[in-house]
Amino acid sequence: MRLLTSILAFSLPCTIIAHSTHHREHQETFSKDRLEELQKKWDTDWGFSGISTFAHLPYTRCLSHPETSFDIGIIGAPFDTAVSYRPGARFGPRAIRAGSSRQTSFRGFNPRAGLNPYTSWARIIDCGDIPVTPFDNALALRQMSEAFIELGERPPTPESLESSSTYQHKPKLLTLGGDHSIALPALRALKKIYNQPIAVVHFDAHLDTWHPAKYPSAWIDPDDESTPSFFNHGSMFWIAATEGLIANSSSVHAGLRTRLSGDDEADYSDDSQQGWVRIATDDIDDIGVKGVISKILDSVGTEVPVYLSIDIDVIDPGLAPGTGTPEPGGWTTRELIRILRGIESLNVIGADIVEVSPAYDGGTEATAMAAAQIGFEILTSIVRRGLMDQAKISKAGDEKRAKDEL
């Protein structure tokens, strides 16, 4: 018996090595001979099949797989414990991904832009979710901040790194919220990565620049800025402004129709002091979609780095009911999408879609599908901006060569 055990002990590693070598050789032969055939047969999903990633994109848990390069990452931030009214946006990333199920790379051509964002220069992948704690908002803020920095400092794909367009030299993140407070850790990360304040183009029914003490409470010191409750989805831009994260005088609110605090317009005064330009929902009736687009572009320009932040409640709740703080009288989904298309020349370096709370969406998925379409438009604009930069650089090079030849 001892002899048999000894023989097995010596022979088993050899057997394992031989089997492992044979397995690798089989894999190599297999991949060379049949990979293309298998991909043609099995690599296409219907809208209702496959794992629920955004637009059926490849999935990698990017935070724990630093070897995976990407140009645009879709990242979920399932956090909603900083809301002031209805919770539920922690399920937003899951709902938006489900709402994007009819988007596929083989049927992703965007006629308005003349490109398919899923098959152009950018490698776009679904990076999964940040595992945000629901028990401790201070820890959640730290987790999200570190996650955005981790992903934002990754190198893009080698092809983009070698591109003549500097726009392609840093990866971009599209964050699926989550409540709107997730914009604060995103801006902290972008300020660190780009080493400058970031302009914000903010679509929302609400200002989100309120001093946290505007929520009255006898239980807190209004002068103590370390109070945990100050971090909420109505004050995160106030915090960002005090930290110097936002480019003063180059940031815009669009779609506002909120009630204000107290008996006067002090909220507007505070907002103006932070350097914001305000576009009300009603303005679209007077200046039209083109007027809204012009006002945004005139205020921000096309060169300053921009964070695009879209609260789904900018859309009328009759069309997008699945949100935490609904305000009647909003823009239509079509109007919002047309405005987004019109500002595609912005230098967008990051974006979010927030406050999708599917529990209030009924059985229609209307809000989730609207958010998914908004995501498609944002991705298209980021990809198009990269192509526009390449074309601009190429044209400048041609003009220089022509001038040198004279």
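## A tour of the internal cavities

A search of the whole of this structure, which is a predicted model, finds two cavities of 30 Å³ or more. Rolling a probe the size of a water molecule over the atoms shows where empty space is left.

**First stop: the largest cavity.** Begin by selecting Phe148, Leu173, Leu190, Ile349 and Gly350, which, among the 16 residues that line the largest cavity, lie nearest its centre. The space enclosed here comes to about 130 Å³.

Next, colour the elements that build this wall: helix 3 (137-152), strand 3 (172-177), helix 5 (183-194) and strand 8 (347-354), each of which supplies at least two residues of the lining of the largest cavity. Keep helix 5 highlighted for a moment, since with five residues helix 5 gives the most to this lining. If you then colour the lining of the largest cavity by residue class, you should find 11 nonpolar residues, together with three polar and two charged ones.

**Second stop: the second largest cavity.** Now clear the selection and pick Leu308, Leu340, Ile343, Glu344, Leu346, Val348, Glu377, Ile378 and Ser381, the residues that line the second largest cavity, whose volume is about 60 Å³.

Which element should be shown here as the source of the largest share of the lining? Select helix 10 (residues 366-405), which contributes three residues to the lining of the second largest cavity. Colouring by class once more, you will see six nonpolar residues around the second largest cavity, with one polar and two charged residues making up the rest of its lining.

Key. Residues numbered from 1 in each chain as written. Predicted model: local features only at pLDDT ≥ 70, side-chain atom pairs only at ≥ 80, totals over all residues. Heavy atoms only, no water. 1 Å grid on protein atoms, 1.4 Å probe; cavity = no way out; pocket = protein on both sides within 12 Å on 5 of 7 lines; lining within 4 Å. Points joined across faces, edges and corners; volume = space filled by probe spheres on them. Helix = DSSP H or I, 4+ residues; strand = E, 2+ residues; numbered from the N terminus. Nonpolar A, V, L, I, M, F, W, Y, C, P; charged D, E, K, R; others polar.
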